[in-house]
Amino acid sequence: GYMAFCIDYRKVQEDPDPGTTPLVTNPSSIPTNRINVVRNMLSLPPVTTEIMCAGYEAACDDLGNAITFVRNNAEQYGVDTSRIAIGGFSAGGFLSLSVAYGARMPVSAVVSLSGYMTLDDLERYVTGDIDTTGLPPILLVSGEHDLEEIGEQAPIMGDHFSRAGLLHAQHIIPGENHFYSADVMITTSDGNSMTLETIISEFLNERMNLGSASSQP
């Protein structure tokens, strides 16, 4: 029942232009340890924080442009622009968080699977004196044994979004690492057990009110 768009975005190794709409508050806070493990396997030199930040900014621009494209072509694709959700896993979760709450792109819901938002960015975009009126609710998911920086930041992110009145739910999946399947079973706060896929579906159904409208997001 969904119109889905799977987008591409520029990668760090493409040395992209970071654009003119910076979202990263503190480039040195972006973790580089995992990407450097992979770059070493590919015989590439370690990434610098400047290169990492440029790639991140460019990818955020690409996701923002994709949202604008969908909105501008909504009639062609049969999209209700008031019910657009974004989300992704790992890097896709990172980008969705920054674009929804940093760039303030007009979306109605966010699903972050092992995504990450630094404390600096949370304090700049989500809490403090920032007006969060109209910002979308978020579903946060991560593994109990996720990447170190995500595991440490997950409860902090949940607390920030909760205090801002934006948190729909947060699930830290017992026993799982950075990679988990759509059918992994999760016990919700009310004691029910359901798959991650079902949790995401129910979140989107609730947010988009799919039963009361004819067009689909």
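**Exercise 1.** In this predicted model, find which residue of β3 stands opposite Val 111.

*Solution.* Start at Val 111. Leu 139 in β3 stands opposite. Now widen the view to the two strands. β2 pairs with β3 (residues 138–143) over four bridges, in the parallel sense. Last, trace the connection. β2, helix α5 (residues 119–125) and β3 form a β-α-β unit, and this unit is right-handed.

**Exercise 2.** Identify the partner of Ile 86 in β2, then follow the chain between the two strands.

*Solution.* Ile 86 has Val 110 as its bridge partner in β2. The chain reaches β2 from β1 by way of helix α4 (residues 91–102), in a right-handed β-α-β crossover. Count the bridges next. β1 (residues 85–89) and β2 are joined by five, and the strands run parallel.

**Exercise 3.** Sort the residues of β2 by the way they point, and decide whether they are buried or exposed.

*Solution.* Take one direction: Ala 109, Val 111 and Leu 113 point that way. Val 110 and Ser 112 point the other way. Then check burial, which means under 20% relative accessible area. Five of the five residues of β2 (residues 109–113) pass, so the strand is largely enclosed by the rest of the structure.

**Exercise 4.** Judge where the model's pLDDT stays under 50.

*Solution.* Begin with the whole chain. Its pLDDT averages 91, and 96% of the residues score at least 70. Then look at residues 211–217. There pLDDT stays under 50, although the model has 15 contacts beyond four places in sequence for this stretch. Predicted coordinates should not be read in detail where pLDDT is low.

Key
Residues numbered from 1 in each chain as written. Predicted model: local features only at pLDDT ≥ 70, side-chain atom pairs only at ≥ 80, totals over all residues. Heavy atoms only, no water. Buried < 20%, exposed > 50% of the residue type's maximum accessible area, 1.4 Å probe, protein only. Pairing = 2+ DSSP bridges. Right-handed = clockwise from strand over helix to strand, strands pointing away. pLDDT = per-residue confidence, 0-100. Contact = heavy atoms within 4.5 Å.
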